[in-house]
Amino acid sequence: MAGKVEHVYAYDAESFIWVLTWVCLQYEGGVRSKNRPLEEFLKVDALRCAEQKTHFWSVRLSTMRPSESHKV
């Protein structure tokens, strides 16, 4: 494919879900939180990031609780 990646709309949907998750976990009460659980995604290569995302959805998400500012 000469270095070109086929555009798949599912990738857009996945990106949106990650951005929404990122924002929800980065901020608390409108202020950037000191506890930013996805921060390590910024410091690794693409393969390690994919591993961390899989681990997040399968393990870490079940242990996280919403901050006070996200509760109804």
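A residue is called buried here when its relative accessible area is under 20%, so Cys-49, at 15% relative accessibility, counts as buried. The views below are all taken from a predicted model.

**View 1. Helix α2 keeps its buried residues on the same side.**
Let us begin with the helix that holds residues 46–58. Helix α2 has 13 residues, and from its first C-alpha to its last it reaches 18 Å, close to the 18 Å expected at 1.5 Å a residue. Its buried residues are Cys-49, Gln-52 and Phe-56. They sit on the same side of α2 because they cover an arc of only 65° around the axis. An α-helix has 3.6 residues a turn, so residues three or four places apart point the same way. Turn to the face of α2 away from its buried side, and you meet the exposed residues Leu-47, Thr-54 and Ser-58. The buried residues of α2 pack against α1, which holds residues 9–26.

**View 2. Helix α1 also has a buried side and an exposed face.**
Here the partner helix takes the stage. The 18 residues of α1 should span 26 Å at 1.5 Å a residue, and the end C-alpha atoms of α1 agree with this, being 26 Å apart. Trp-18, Thr-21 and Gln-26 are the buried residues of α1. Their arc around the axis is only 120°, which puts them on the same side of α1. The face of α1 turned away from its buried side carries Tyr-9, Phe-16 and Val-19, which are exposed. The cover over the buried residues of α1 includes β1 (27–28), β2 and α2.

**View 3. Five residues make up the largest nonpolar core.**
Which residues make up the largest nonpolar core? They are Trp-18, Leu-38, Phe-41, Cys-49 and Phe-56. Two of these names will be familiar from α2, where Cys-49 and Phe-56 are among the buried residues, and Trp-18 is one of the buried residues of α1. Phe-41 is a good place to look around. Not counting residues up to four places away in sequence, Phe-41 touches Trp-18, Trp-22, Cys-49, Gln-52, Lys-53 and Phe-56. In soluble globular proteins, nonpolar side chains tend to be buried together.

**View 4. Gln-26 is buried in helix α1.**
Gln-26 belongs to helix α1 and, at 1% relative accessibility, counts as buried. What surrounds Gln-26, leaving aside its neighbours within four places in sequence? Gln-26 is in contact with Val-31, Arg-32, Ser-33, Arg-36, Leu-38 and Glu-39. One of these contacts, Arg-36, is 10 residues from Gln-26 along the chain, and the C-alpha atoms of the two are separated by 5.3 Å. Another, Leu-38, is one of the residues of the largest nonpolar core.

**View 5. Glu-39 and Arg-32 meet in a salt bridge.**
Follow the chain into the loop between β2 (31–32) and α2 to find Glu-39. Its side chain and that of Arg-32 form a salt bridge, at 3.6 Å from N to O. Are the two partners buried or exposed? Glu-39 counts as buried at 18% relative accessibility, whereas Arg-32, at 42%, counts as partly exposed. Besides Arg-32, Glu-39 touches Trp-22 and Gln-26, not counting residues up to four places away in sequence. Side chains of opposite charge can pair when their charged atoms come close.

**View 6. A salt bridge joins Arg-48 and Glu-51 within helix α2.**
The count of salt bridges comes to 2, and this view shows the one between Arg-48 and Glu-51. Their closest N and O atoms are 3.0 Å apart. Because Arg-48 and Glu-51 are 3 residues apart in helix α2, about one helical turn separates them. Both ends of the pair can be described in turn: Arg-48 is partly exposed at 41% relative accessibility, and Glu-51 is partly exposed with a relative accessible area of 47%.

**View 7. Cys-24 and Cys-49 are not joined by a disulfide.**
How many disulfides are there? The count comes to 0. Cys-24 is in no disulfide, and the nearest cysteine sulfur, that of Cys-49, is 18 Å away. Why is there no bond at Cys-49? A disulfide needs the two sulfur atoms within 2.5 Å, so the 18 Å from the sulfur of Cys-49 to the closest cysteine sulfur, in Cys-24, is too far. Their surroundings can be read here too: Cys-24 is partly exposed, with a relative accessible area of 38%, whereas Cys-49 counts as buried at 15%.

Key. Residues are numbered from 1 along each chain as its sequence is written. This is a predicted model: local features need pLDDT of at least 70, side-chain atom pairs count only at pLDDT 80 or more; totals for chains, interfaces and linings use all residues. Side-chain values use heavy atoms; hydrogens and water are left out. Helices (H or I, at least four residues) and strands (E, at least two) are DSSP runs, numbered from the N terminus. The expected span of a helix is 1.5 Å times one less than its number of residues. Buried means under 20% relative accessible area, exposed over 50%, partly exposed in between (1.4 Å probe, protein chains only). The arc is that of the directions from the helix axis to the C-beta atoms. Contact means heavy atoms within 4.5 Å. A salt bridge is a side-chain nitrogen of Lys or Arg within 4 Å of a carboxyl oxygen of Asp or Glu. A nonpolar core is a set of buried Ala, Val, Leu, Ile, Met, Phe, Trp, Tyr and Cys residues joined through side-chain atoms within 4.5 Å.
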